[in-house]
Amino acid sequence: MEAAWGRVRHNLRLSAGQRLFDRWLKPMVLLSDSDGDMVRLGLPSAFMTNWVKSHYADRLLFEFRAQLPEVRTVSIETASTLEPARKLTGESIAAATPVAGATLLGDADSIEAAPQPVAAQPIAAPERSQFDPRFTFDRFVSHDSNRVAVNASRLLAEPGVPRFSPLYLHSGTGQGKTHLMHAIGHAFLAANPQATAIYMPAERFMFEFVSAVRARDTHSFKARLRAVDLLMIDDLQFVAGKDATQEECFHTVNAFMDAGKRLVIACDRSPQLLDGVEGRLVSRLGAGLVADIKAPALELRHAILEQRLAENPAVSVPADVLDLLATRIHGSVRELEGAFNRVVAYAQLIEQPVTLDFAVQTLGEMLQGPKKRITIDDIQRAVSTHFELKQLDLVSARRAVAIARPRQIAMYLAKRLTSRSLPEIGRKFGNRDHSTVIHAVKRIESLRGLDGEIDGAIRQLTRQLEGA
């Protein structure tokens, strides 16, 4: 352990730089009761302890596991000079007083004041602590609209060689993608106790990668992610337009596919409809299993509410209230559960029974539903269905009238029903120039006065999209 600690310190000095290392990391000592799977590190003040926890907890765990694979947790704590027996040989806390300029919180946090030791707060391996305990397969209600995604997720979590990878989950907001990813993590680690897994939103992937680039330490970032057995990246749409992040994401996906390891990606649209994402990354994402989750049907909304009610036996919600929620709130599962929780919580807070009148009064405008936010993806889906085309046809280079006219109608509706700029609309239709969009809008405006069929189609599509 002591030899490993020496190598870890050396690596930290190289990656952090001498100044940062001397100020924050050099004072850290290995405590004598560290054992095979838990490392305990001591610092001379609570201020320094909190700073190292915030900035280096994951890195310390990674470095120790690179030296000693059996290490599962690293505890970073404030070590008092009242406990000299706890320290191993090497730099003592007294010798590791921060260099000039290091900031302490005052005498109460200084070595001379000898504060009482802070209770140990082990930093559990991030790949084991980050999965939400509420999000398991048992709590996910399966239905025709999500059955492929659920079954694929269960298969990926099973032991043995994965049958496919990556698994690409896509759906609108609040339909259960994140729930399934956490469920995969729980099930996979339960079936493989020694395995490792990481769930990471795309924004965090981007932030950590950029931070690693600035620190000139991309090697550690790459090594940390590629060392795990299961990697899950959520909300991939946020890497659109971020070339450097996409490049790293591409290589990460390649590394997992080449190694035959489990990879799960979640996004709000299918790979082929990703705007601003490199073609080669799109190709890799579509090479595994692509599974979509559709908006919940009335039957599924009822089933979800029944399950949530069964999980709370002390709560009484009449059937007519459940029917109201299931019928009137259909935007997403998240909104549905939020409405249920709101009614129950309000009733408990003011000590009133849940009745139909109480639910209507409590939810108010929520039952009317917010004004629908229409996206270009919504428009493309509606137009392609109306004209019996594939959605990909609308973004293709094909110029046949049977495709070009619906494409112009979709552009026209995008200009009318969304706040997107002309260049943005053009990009969503196969990277076309904004002048093409202008031409399409003018052409459809002209045809509406001449062609009753086109005008009727636009009216119908508008009502459908606006939910009238």
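**Close-up 1. Arg 40 and Glu 77 meet in a salt bridge.** In this predicted model, the two side chains come to 2.5 Å, N to O. Arg 40 belongs to strand S2, residues 38-43. Glu 77 belongs to strand S3, residues 73-78. The pair links distant parts of the chain, with the two positions 37 residues apart in numbering. Arg 40 is buried, at a relative accessible area of 16%. Glu 77 is also buried, at 3%. Both count as buried because each value falls under 20%.

**Close-up 2. Glu 311 pairs with Arg 139 in a salt bridge.** Their closest N and O atoms are 2.7 Å apart. Glu 311 sits in the loop between helix H11 (298-310) and helix H12 (319-328). Arg 139 sits in the loop between helix H4 (126-129) and helix H5 (147-157). The two residues are 172 residues apart in sequence, so the salt bridge ties together separate parts of the chain. Glu 311 is partly exposed, with a relative accessible area of 32%. Arg 139 is partly exposed too, at 22%.

**Close-up 3. Asp 455 and Arg 459 form a salt bridge inside helix H21.** The closest N and O atoms lie 2.9 Å apart. Helix H21 covers residues 452-466. Along this helix the partners are 4 residues apart, about one turn. Is each partner buried or partly exposed? Asp 455 is buried, with a relative accessible area of 16%. Arg 459 is partly exposed, at 48%.

**Close-up 4. Four charged residues join in a network of salt bridges.** The members are Asp 58, Arg 204, Glu 208 and Arg 224. Side chains of opposite charge can pair when their charged atoms come close. How many salt bridges does the whole structure hold? A full search finds 24.

**Close-up 5. Ala 295 sits in a loop and touches residues beyond its sequence neighbours.** The loop runs between strand S9 (289-293) and helix H11. Ala 295 is partly exposed, with a relative accessible area of 49%. Which residues does Ala 295 contact, once neighbours within four places in sequence are left aside? They are Ser 145 and Gln 175. Gly 174 is another residue to find in this view. Ala 295 and Gly 174 are 121 residues apart in sequence. In space, their C-alpha atoms are 9.2 Å apart.

**Close-up 6. Tyr 346, Leu 349 and Ile 350 make a nonpolar surface patch.** The patch has an area of about 340 Å². Ile 350 lies in the loop between helix H13 (333-349) and helix H14 (356-363). At 47% relative accessibility, Ile 350 is partly exposed.

**Close-up 7. Cys 249 and Cys 267 are buried cysteines.** Cys 249 has a relative accessible area of 1%. Cys 267 has a relative accessible area of 0%. Both count as buried because each value is under 20%. How many disulfides does the structure contain? The count is 0. A disulfide would need a pair of cysteine sulfur atoms within 2.5 Å.

Conventions:
Residues are numbered from 1 along each chain as its sequence is written. This is a predicted model: local features need pLDDT of at least 70, side-chain atom pairs count only at pLDDT 80 or more; totals for chains, interfaces and linings use all residues. Side-chain values use heavy atoms; hydrogens and water are left out. Buried means under 20% relative accessible area, exposed over 50%, partly exposed in between (1.4 Å probe, protein chains only). Contact means heavy atoms within 4.5 Å. Patches are made of residues with over 30% relative accessible area and no salt bridge: like charges are joined within 9 Å, nonpolar side chains (Val, Leu, Ile, Met, Phe, Trp, Tyr) within 5 Å. Accessible areas come from the Shrake-Rupley method with a 1.4 Å probe; for residues, only the protein chains shown count as cover.
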